[in-house]
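Work through the exercises below with the structure open beside you. Try each task before reading its solution.

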Amino acid sequence: YALLFLLLLEGRNPLTPLHRAPAAAGAATERRPLKAVFVQPRCAAATFVGATSYASMVFLMAALPLAMNQDSFSFADSSTAIQVHMVLMFLPSFGTGHAIKKLGVVAVMLTGAALLAIGGAIMLLLPASLAGYFSSQGLIGWGWNFTYIAASAGLQQQTRPAERVVAQAANDLTVFGLSGVVSLLAAVALSGLGWPGMQYVMFGVSGAIVLVVGGAEALARRGAASSVELTPV
């Protein structure tokens, strides 16, 4: 994953001979280097939000059956908790796009971050209970839906048609590479931190999303204001 990401950043796309953008004129069809795409604050923030929200969700879901087993719940109970989580990962998708269109990418990403944090908090308030596991995992699934879909939409908004395929590929390498790493660490974290301790990771991720998104918006608006000031009348 890391090697492929570096190749994409350098512009060495193995798909280039098979898929070339139309040679039409105009900025919309011009393909920038991938480094120039991801140096945009909002583009970098979208990838950060998508990767961290996905990884934190996998981090908890991978350890969930082990945690419930430690609390003496049955396999059927942990299976139901996973089912609740997965239903709420995808069911809100019927309305997420409409929410993004009406409220904007930033509002939906921040709402998703809040849902992730609330899901972690519920597990601390209702420890070792089925109600705690079900509601916590449901909210984390819902929060993932909002953050991940809004981040994907934000990435599309910051890229030109000719560069979206490669930008999406670099984004996906980051998302699934990080998720694969944390899935390997989930059991180790459960052993070292315990299930309550793992919830604080969700708080950290939620806080980081708020800071990164807020910082990216501030930088993007400052850059837009500077470009307007420099434009000759």
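The exercises that follow concern a predicted model.

**Exercise 1. Helix 3**

Task: Find how far helix 3 reaches from its first C-alpha to its last, and at which residue helix 3 bends.

Solution.
- Step 1. Helix 3 covers residues 41-70, which is 30 residues.
- Step 2. At 1.5 Å a residue, a span of 44 Å is expected, and the model gives 43 Å, close to that value.
- Step 3. The bend is at Leu64 and amounts to about 45 degrees. A proline, Pro65, follows within four residues.
- Step 4. After helix 3 comes Ser72, with a positive phi near 70 degrees.

**Exercise 2. Two aromatic pairs**

Task: Classify the ring pair of Tyr54 and Phe176, then the ring pair of Phe90 and Trp144.

Solution.
- Step 1. Ring centres must lie within 6.5 Å to pair, and planes over 60 degrees apart count as edge-to-face. The count by this rule is nine aromatic pairs.
- Step 2. For Tyr54 and Phe176, the centres are 5.2 Å apart with 75 degrees between the planes, an edge-to-face pair.
- Step 3. Tyr54 belongs to helix 3 and Phe176 to helix 8 (residues 164-230), so this pair ties together parts 122 residues apart in sequence.
- Step 4. Tyr54 has 17% relative accessibility and counts as buried; Phe176 has 32% and counts as partly exposed.
- Step 5. The centres of Phe90 and Trp144 are 5.8 Å apart and their planes stand at 75 degrees, so this pair is also edge-to-face.
- Step 6. Phe90 sits in helix 4 (residues 75-90) and Trp144 in helix 7 (residues 130-157), 54 residues apart.
- Step 7. Trp144 is buried at 6% relative accessible area, while Phe90 is partly exposed at 46%.
- Step 8. Tyr54, Phe90, Trp144 and Phe176 belong with Tyr148 to one aromatic cluster.

**Exercise 3. Two buried residues**

Task: List the contacts of Gln137 and of Ser78, leaving out residues up to four places away in sequence.

Solution.
- Step 1. Gln137 is in helix 7. Its relative accessible area is 1%, under the 20% limit, so Gln137 is buried.
- Step 2. Gln137 touches Leu60, Met61, Leu64, Ala81, His85 and Trp195. Leu64 is also the residue where helix 3 bends.
- Step 3. Ser78 is in helix 4 and counts as buried at 5% relative accessibility.
- Step 4. The contacts of Ser78 are Pro65 and Met68.

**Exercise 4. Salt bridges**

Task: Find how many salt bridges the whole structure holds, and which residues are joined into one network by shared partners.

Solution.
- Step 1. The search finds three salt bridges.
- Step 2. Glu163 and Arg32 meet at 2.3 Å, N to O. Glu163 lies in the loop between helix 7 and helix 8, and Arg32 in the loop between helix 1 and helix 2, 131 residues apart. Both Glu163 and Arg32 are buried.
- Step 3. Glu217 forms a salt bridge with Arg42, with the closest N and O atoms 2.9 Å apart. This pair links helix 8, which holds Glu217, to helix 3, which holds Arg42, across 175 residues.
- Step 4. Glu217 also forms a salt bridge with Arg221, at 3.7 Å between the closest N and O atoms. Arg221 and Glu217 are four residues apart in helix 8, about one turn.
- Step 5. Glu217 is buried at 13% relative accessibility, Arg42 is partly exposed at 32%, and Arg221 is exposed at 57%.
- Step 6. Shared partners join Arg42, Glu217 and Arg221 into one network.

How values were computed:
Residues numbered from 1 in each chain as written. Predicted model: local features only at pLDDT ≥ 70, side-chain atom pairs only at ≥ 80, totals over all residues. Heavy atoms only, no water. Helix = DSSP H or I, 4+ residues; strand = E, 2+ residues; numbered from the N terminus. Expected span 1.5 Å × (residues − 1). Bend = angle between axes of the 7 residues up to and from the residue. Phe/Tyr/Trp six-rings, centres within 6.5 Å; stacked < 30°, edge-to-face > 60°. Buried < 20%, exposed > 50% of the residue type's maximum accessible area, 1.4 Å probe, protein only. Contact = heavy atoms within 4.5 Å. Salt bridge = Lys/Arg side-chain N within 4 Å of Asp/Glu carboxyl O.
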